[in-house]
Amino acid sequence: MNRRRFLPVLPILTLLAMLGPVAAGLWGTVLPAFGHLPAAGQTGPSLDPFRDLFGWAGLPRAMMLSISTGLLATGVSLAIVVLITAGWSGTRPFRALERLLSPLLSVPHAAAAFGLAFLIAPSGWLSRLVSPALTGWDRPPDLLIVQDTWGLTMTAGLIVKEVPFLLLITLAALGQADAQRSVTIAQALGYGRVTGWLKTVFPRVYAQIRPPIYVVLAYSMSVVDVAVILGPNTPPSLSVQIVKWMSDPDLAMRLEGAAGALLQLALVVGALIFWRLGEVIVASLGRRWIAKGNRGRFDPSVAKGALFAGGVSAMAVLLGLVVLTIWSFAGFWGFPDAFPDGWTLRNWMRFGPGTLEALGETALIACTVASVALILTIGCLEAEYRYGLSFSQRAVWLLYLPLLMPQTAFLPGLQTLMLSMGADVGRLPVMLAHLVFVLPYVFLSLADPFRAWDTRMGTIATALRASPDGVLWRVRLPMLLRPILTALAVGLAVSVGQYLPTLLIGGGRVATLTTEAVALASGGDRRAIAVYGLMQTGAALVPFALALLLPALVWRNRRGLRHG
Amino acid sequence: MKHLAILAALLAPVPALADIDVSNWAAVTAEAEGQTVFWNAWGGSTTTNDFLAWVGERVMEDYGVTLEHVKLTDTADAVTRVLSEKQAGQDDDGAIDMIWINGANFASMKEADLLFGPYAEQLPNWALVDAEGKTVRTDFTVPTDGFESPWAMAQVVFVHDTADMPDRLGSMQALLEWTQANPGRFSYPQPPDFLGTTFLKQVLVDILPDPSVLAAPATDENYDEITAPLWAYLEELTPNLWREGKAYPATGTAMFPLIADGELDLSISFSPGAASTAIANNELPPSVRTFVLDKGTIGNASFVAVPYNSGSKAGAMVVANFLMSPEAQARAQDPAILGYGTVLNMDALSEDDRALFDALELGVATLSPAELGTVQDEPHPSWAVRIADDWVTRFGVSE
């Protein structure tokens, strides 16, 4: 194909790869939800699936769980991030937190959830460290902490993972908000640091970080793996119940599952509208608050509280990884001992070979998907540069659409659809499903650095008779090595962490570290869970380390490019 | 001779094109070589996973069959898969070649004609199986008719940590009283988990004056009356369960760490040797022992079945046959490996093979066959299905 013709096609291809499976999956959900599933001998339309759904005794609680965990996790993470940034941006503790960001961000949700469970359960490490000396417990108290009825532990598990994500997004937005000067002026007028930031910078930053916040809300409402590990089970949250219906031996249950998936979609849309209304109210209250002219008497304590909360959430992930490491080397370790009786390599010898096999599958899928996503992204951005085919501000929402759509709303439909078309499940469909989620993240992380590249470099190279392709390959891409590698690492981490697409689209045949780890959760063997969780974390973390190291190595004799 | 060889060569492709002649073992093994068998089996127990990996190595060595363990969280997933494939018209080379199956899942697959067979009693090692003394020809009262082959015997035992709970209990009534005196120290896996449902059946079998009514299918007429004592029992039991019954362990093995940490003193297992195996793996403290009830406990066999649309039926039969071999059975019974009961008839074995079993140390927490006492029959699968559904409505969505 002529290359000149090919490049402009890439943006369309990219949109198709992202939105095609979503649209197809929704179609595959809508049909059975209204009673049409020829594979189960049902031809609709009928409302019976919804009647069955509303007849399920657990529905009110399952819906409540979905709504409360979603709103609470999003609200609390946002509050922590905003107050930390307001109180500490530019200071030393803030830079320390910043440095923790990438590793925290790449820890997969399932591994973070396991770590948290091993940490805060009544028999968890925190309780072991202080028992029986401080608590007097020589056996764990009968407390419902993990899998609690209100889903608070599950919400906490989501918060510790969303705080780093939102903080990173906020940092990126700060650059364009002229934050430092605004705060300086506000402080000159006598405003406290936090109050001054909230009154002058926050409105501008919020406008930019709104799409990712919506993503966090939609994700938290419909998450499956974290809910399986930390969430309640009597009944479970709606998304977990949908997955259960979808795997019931009775095919007719899929109709109820599809109806549940549409309900889940409606809940997410409702919550997004609710959040939007909240924005309007907060904005009008905020204007009044600004007009009042309070200078912020409680600023120092608010800032300290936010830093404490941020620190606790970061420590929860880090200590979780520490306790996973201990369990992976533990011999017998009974309560209330703070450490195991003995240390052993036996767990790694037993589960190591299994994890290596799963690592191979995980790496193959992640590398393929992340590379494809990177190629499509660079193609889109280059087409935008050469032909001015840019995404308009509205089109940015298209990028976020697959992330805003609850996974449980379209993945089961996609599975049903592929099955009825006779498409074999396996690695390739799984890769396509991963691409839906990997592409937006790769695009979002590369777009800004790519656009920020100084185009005068291109002009100079062209003057030296370089072709447009030559400029791309020999000047632009090498200069953008670090952001490209970072985008690739983001893509790999996103793919490694995918649970539901791998499980549903792979039909159980595609075993990655994530599906294996979550499957082990039901067995309760903490040593095996620890080994798999750590391998999963490593698979996501090592690429980030490489993304930091490689440019430094490649450009060791090019000082000017090292930070490029 | 030469003519026969030519004739054989001419005929050889025919069974491959049609279906396999299960009675011709040489043809089965010949066809099996090079096949890949996707065995869908519950993947929550690491000891079972290790055993299945070993089976894979052995059938590769002996028969050139590649075994892939597809780790399920719920066997029903595999049943769904085959059913969907049939609906989609995928009648050959389906995703699943073999399923570890029992009870209701088997009954529904057999009824829907989703299984390949009969094949089990034509396997060479069937001759060694104790078909008279063990329930290997019925699965939850449903005749297997050769559509699944047995590979392990299971029986309900109660697992207790003698450090906290020294004495055994004789009946479900005694268990209820013990939980009232020791609230929060007992739990069972959340139905419809297999073991959780088994606990419910065990309660019913133990408290009914005449459990033989459970051998016939449950009907709309008799279900409410017969199960009423079970729900009354659970209403009394639940407030004194671990976490007051607001959360349940997911599976049987998920209760091991709870016992190891002293959260539970008592739980249930379907494998008489599992406690000894778990002690050997550092998963349970050495003070753990097992007991059965005075009237005996429910027992059954674990089976493997081959879906009708498997593309590797010969390979699956080779694996099924290997699972019934003295070598595999002795390894499965070894408490350091799995601790599962054997399906074999010791009298049918050669002296060398019997020596494999005699050499086994059953482990500190494993009861001898005599101590295991009477094996009570599984109720008809229709009971389990309805009881599990009912439990979910009554206790599974309460909070």
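Buried here means under 20% relative accessible area, exposed means over 50%, and partly exposed is what falls in between. Keep that cut-off handy for the exercises below, which work through a predicted model.

**Exercise 1: How far to trust chain B**

Task: work out what the confidence scores say about chain B, and where residues 4-18 stand.

Solution. Step one, take the chain as a whole: chain B averages a pLDDT of 88, and 95% of its residues score at least 70. Step two, look at the weak spot: over residues 4-18 of chain B the pLDDT is below 50. That stretch has 3 contacts in the model beyond near neighbours in sequence. Step three, apply the usual caution: where pLDDT is low, the predicted coordinates should not be read in detail. For the model overall, the scores are ipTM 0.82 and pTM 0.85.

**Exercise 2: A three-stranded sheet**

Task: put the strands β7, β8 and β9 of chain B in order and say which ones are the edges.

Solution. Start with the pairings. β7(B), residues 157-161, pairs with β9(B) in the antiparallel sense over 4 bridges. β7(B) also pairs with β8(B), again antiparallel and over 4 bridges. Put those together and you get an open sheet in the order β8-β7-β9. The edge strands are β8 (266-269) and β9 (288-291), each pairing on one side only. From one strand to the next, the twist averages 30 degrees.

Now zoom in on residues. F158(B) has I268(B) as its bridge partner in β8(B), and F291(B) as its partner in β9(B). H160(B) is matched with R289(B) in β9(B).

**Exercise 3: Is β7 of chain B enclosed or open?**

Task: decide from the burial of its residues how β7(B) sits in the structure.

Solution. First split the strand into its two faces. V157(B), V159(B) and D161(B) lie on one side, with F158(B) and H160(B) on the other, and all are buried, so both faces are covered. Then count: 5 of the 5 residues are buried, so β7(B) is largely enclosed by the rest of the structure.

**Exercise 4: Salt bridges within helices**

Task: for three salt bridges, find the spacing along the helix and the exposure of each partner.

Solution. Take them one at a time.

- In helix α2 (residues 48-55) of chain A, R51(A) and D48(A) are 3 residues apart, about one turn of the helix. Their side chains meet at 2.9 Å, N to O. R51(A) counts as exposed at 55% relative accessibility, while D48(A) is partly exposed at 40%.
- In helix α15 (residues 346-387) of chain A, E382(A) and R386(A) are 4 residues apart, about one turn. The closest N and O atoms are 2.8 Å apart. E382(A) is buried, at 3%, whereas R386(A) is partly exposed, at 26%.
- In helix α16 (residues 381-396) of chain B, D390(B) and R394(B) are 4 residues apart, about one turn. The N to O distance is 3.8 Å, which passes because the cut-off is within 4 Å. D390(B) counts as buried at 19%, since buried means under 20%. R394(B) is partly exposed at 38%.

One last step: the E382(A)–R386(A) pair belongs to a network of salt bridges that also links D469(A) and R476(A). Over all chains, the count of salt bridges comes to 30.

**Exercise 5: Odd backbone angles**

Task: find where the cis peptide bonds at P235(A) and P192(B) lie, and where D93(B) and E244(B) with their positive phi lie.

Solution. Begin with the background: most residues other than glycine have a negative phi, and most peptide bonds are trans. Now the cis bonds. The bond from T234(A) to P235(A) is cis, with omega near 0 degrees, and P235(A) is in the loop between α11 (225-230) and α12 (238-246) of chain A. P191(B) and P192(B) are joined by a cis bond with omega about 10 degrees; P192(B) is in the loop between α7 (172-181) and α8 (194-207) of chain B.

Next, phi. D93(B) is not a glycine, yet its phi is positive, about 55 degrees. D93(B) is in the loop between α5 (75-87) and β3 (98-101), and is exposed at 53%. E244(B), also not a glycine, has a positive phi of about 50 degrees. E244(B) is in the loop between α9 (223-237) and α10 (255-260), and is partly exposed at 49%.

Key:
Residues numbered from 1 in each chain as written. Chains lettered and ligands numbered in written order. Predicted model: local features only at pLDDT ≥ 70, side-chain atom pairs only at ≥ 80, totals over all residues. Heavy atoms only, no water. pLDDT = per-residue confidence, 0-100. Contact = heavy atoms within 4.5 Å. Pairing = 2+ DSSP bridges. Helix = DSSP H or I, 4+ residues; strand = E, 2+ residues; numbered from the N terminus. Axes fitted to C-alpha atoms, helices over the stretch in contact; angles between N-to-C directions. Buried < 20%, exposed > 50% of the residue type's maximum accessible area, 1.4 Å probe, protein only.
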